[in-house]
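Dear colleague,

Please find below the structure that I am passing on to you, with its sequence. My findings follow it.

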Amino acid sequence: MSFVTDSPVWRPFTQHALQPDAFKIARAEGAWLEAEDGKRFLDAISSWWVITHGHRHPAIMQAIREETERLDQIIFAGFTHEPAEALARRLVTLTAPGLDYVFYSDSGSTCVEVAIKMALGFWRNRGEARTRVVALEHGYHGDTIGTMSAGARSPFNAPYEPLLYEVTRIPFPSRGREQVTLDALERACRDKPAALLVEPLILGAGGMLIYGADTLGEMRRICAHHDVLFIADEVMTGFGRTGTFFACEQADVIPDIACYAKGLTGGALPLAVTMCKSEIFEAHLSQDRARAFFHSSSYTANPIACAAALANLDVWATGEPAARVAALCDMQATRIARFADDARFSNARRLGIITALDLNVAQSGYLASVSLDLMRFFNERGLLLRPLGPTIYVFPPYCVEDAELDLVYDAISEAADRFGRG
Ligand SMILES: *Cc1c(COP(=O)(O)O)cnc(C)c1O
């Protein structure tokens, strides 16, 4: 086994006392990771939801190599560069009409922080003291203090609780209870919050919880009616995951502010954008310097990352990824159907290329040790799956093939026999 032990590296979301080791990956290609000793892993979660087409897409790698011949990081205040300008123009064309401005940052958490700050700045510059955020139960928006505040409270953020600001949380719109959510949003909007922040159609880290496009559309309408800004966190859902390029398209929703990150460079390099309507940009325009938008990341609009994103958009422009996504949706649909009436699982579900099912176990919750047991079980079989508690989900890169997906679902079935309730 090509393990790293005795390493000074402190890894994310890892209890080192229980998981001291990590597989040391030396090579990645397509849907596969290869460890130093040659052991291979099928990356069935797209390396935490960032890889879209597959690892090391040739056109994206080539664009990165070429950009390194011209630019590295360039200060982005008072200076700009063609990769950032070209990418911003492309994104404005590609996204829903009205999202006319592009603010660059470098991670999902940061672009959501930026969205929240834009919303609060908008109201302040308009002379209204609106600072409250409305968010969905079970939501996840990142791991910084600001985005944790908007996300679900759990053992993950208990130590930081005193620093987290209060948000108005509305219930998740589970099937048959959508009206409860809409009524709660309607009530919340009467208190004049600054914004509603939502993951459209599917809550990722909250357990791959899916809700309907109708409900998303209704939430958008309620916000518009009450003059509450609508922020779509498409960090996970962007770039084909839900079957359409962006999730909001399925509900004909145009957000006031939209956040994109994970798939923006095809997963090759960190880059994020927060896009907004012109009224939000314009609210910050003034002869008064204090009304400017005060935010920057050191690596804002990194030219190499922008070049990777442009190459990624070129790949999409060929139409091939959309066709792959459509095929993968069908491949996933057939496979998850096999578990629909399987008593070992509950809630077999799919949205776009993502499937999920809950293993019926005695314990529940993300910290239930079953998720560690499952992870090890899958790893031993050469599969990279990382259940969220008892929720097993499959989130493959678009290049994955039928036979590879069969390996995943056969292992899930085997895992249920081993770790299920009986
Ligand atoms: C992953 C994720 C984030 C945070 O992105 P990072 O790049 O990990 O900071 C925010 N929102 C959603 C919906 C996500 O899935």
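**Findings**

The side chain of T14 comes to 2.7 Å from the backbone oxygen of P12. Please bear in mind throughout that this is a predicted model. T14 belongs to the loop that runs between β1 (3-4) and β2 (22-23). With a relative accessibility of 19%, T14 counts as buried, because the cut-off for that class is under 20%.

**A nonpolar patch on the surface**

F13, W48 and F156 together make a nonpolar surface patch of about 260 Å². Of these residues, F156 sits in the loop between α5 (145-150) and β8 (168-170). The relative accessibility of F156 is 33%, so this residue is classed as partly exposed.

**The ligand and its surroundings**

Which residues are around the ligand? They are W49, S107, G108, S109, Y140, H141, G142, E199, D233, V235, M236 and K262. For three of these residues I can give distances to an oxygen atom of the ligand:

- G108: a backbone N or O atom lies 2.7 Å from an oxygen atom of the ligand.
- S109: an N or O atom in the side chain is 2.6 Å from an oxygen atom of the ligand.
- K262: an N or O atom in the side chain is 2.7 Å from an oxygen atom of the ligand.

Taken alone, the ligand would expose 380 Å², and the protein buries 82% of that area.

**Helix α11**

Is helix α11 (residues 370-380) largely enclosed or largely open? Of its 11 residues, 8 are buried, so the helix is largely enclosed by the rest of the structure. The buried residues of α11 are V370, S371, L372, L374, M375, F377, F378 and N379. The elements that cover them include β2, β5 (40-43) and β16 (354-359). The cover also includes β17 (383-384), β18 (391-394) and α12 (402-419). Just after α11, G382 adopts a positive phi of about 75°.

Two residues of this helix may serve as examples. M375 is part of α11 and has a relative accessible area of 11%, which means that M375 is buried. Leaving aside residues up to four places away in sequence, M375 touches Q19, L385, R386 and P387. As for R386, it is 11 residues from M375 in sequence, and the two C-alpha atoms are 5.6 Å apart in space.

R376 is also placed in α11. At 40% relative accessibility, R376 counts as partly exposed. The C-alpha atoms of R376 and I25 are separated by 16 Å, with their positions 351 residues apart along the chain.

**N312 in helix α9**

N312 is located in helix α9 (residues 303-317). Its relative accessible area is 0%, so N312 is buried. What does the side chain of N312 join through a polar contact? The partner is the side chain of H53, at 2.6 Å. Not counting residues up to four places away in sequence, N312 touches T52, H53, I60 and F239, and also G263, L264, T265 and G266.

**Positive phi in residues other than glycine**

D227 has a phi near 60°, a positive value in a residue other than glycine. This residue lies in the loop between α7 (213-226) and β12 (229-233). D227 is partly exposed, given a relative accessible area of 46%.

A301 likewise has a positive phi, near 55°, and is a residue other than glycine. The loop between α8 (278-283) and α9 contains A301. Here the relative accessible area is 0%, so A301 is buried.

**Where to look**

When you open the structure, you may wish to begin with the ligand, of whose 380 Å² the protein buries 82%. You could then turn to α11, where 8 of the 11 residues are buried, and to the polar contact of 2.6 Å between the side chains of N312 and H53. The patch made by F13, W48 and F156 can be viewed on the surface.

With kind regards

Methods. Residues are numbered from 1 along each chain as its sequence is written. This is a predicted model: local features need pLDDT of at least 70, side-chain atom pairs count only at pLDDT 80 or more; totals for chains, interfaces and linings use all residues. Side-chain values use heavy atoms; hydrogens and water are left out. Patches are made of residues with over 30% relative accessible area and no salt bridge: like charges are joined within 9 Å, nonpolar side chains (Val, Leu, Ile, Met, Phe, Trp, Tyr) within 5 Å. Accessible areas come from the Shrake-Rupley method with a 1.4 Å probe; for residues, only the protein chains shown count as cover. A salt bridge is a side-chain nitrogen of Lys or Arg within 4 Å of a carboxyl oxygen of Asp or Glu. Helices (H or I, at least four residues) and strands (E, at least two) are DSSP runs, numbered from the N terminus. Buried means under 20% relative accessible area, exposed over 50%, partly exposed in between (1.4 Å probe, protein chains only). A polar contact is a pair of N or O atoms within 3.5 Å; within protein, one must be able to donate a hydrogen and the other to accept it, and residues adjacent in sequence count only if both atoms are side-chain atoms. Contact means heavy atoms within 4.5 Å. A residue is near a molecule or strand if one of its heavy atoms lies within 4 Å of it.
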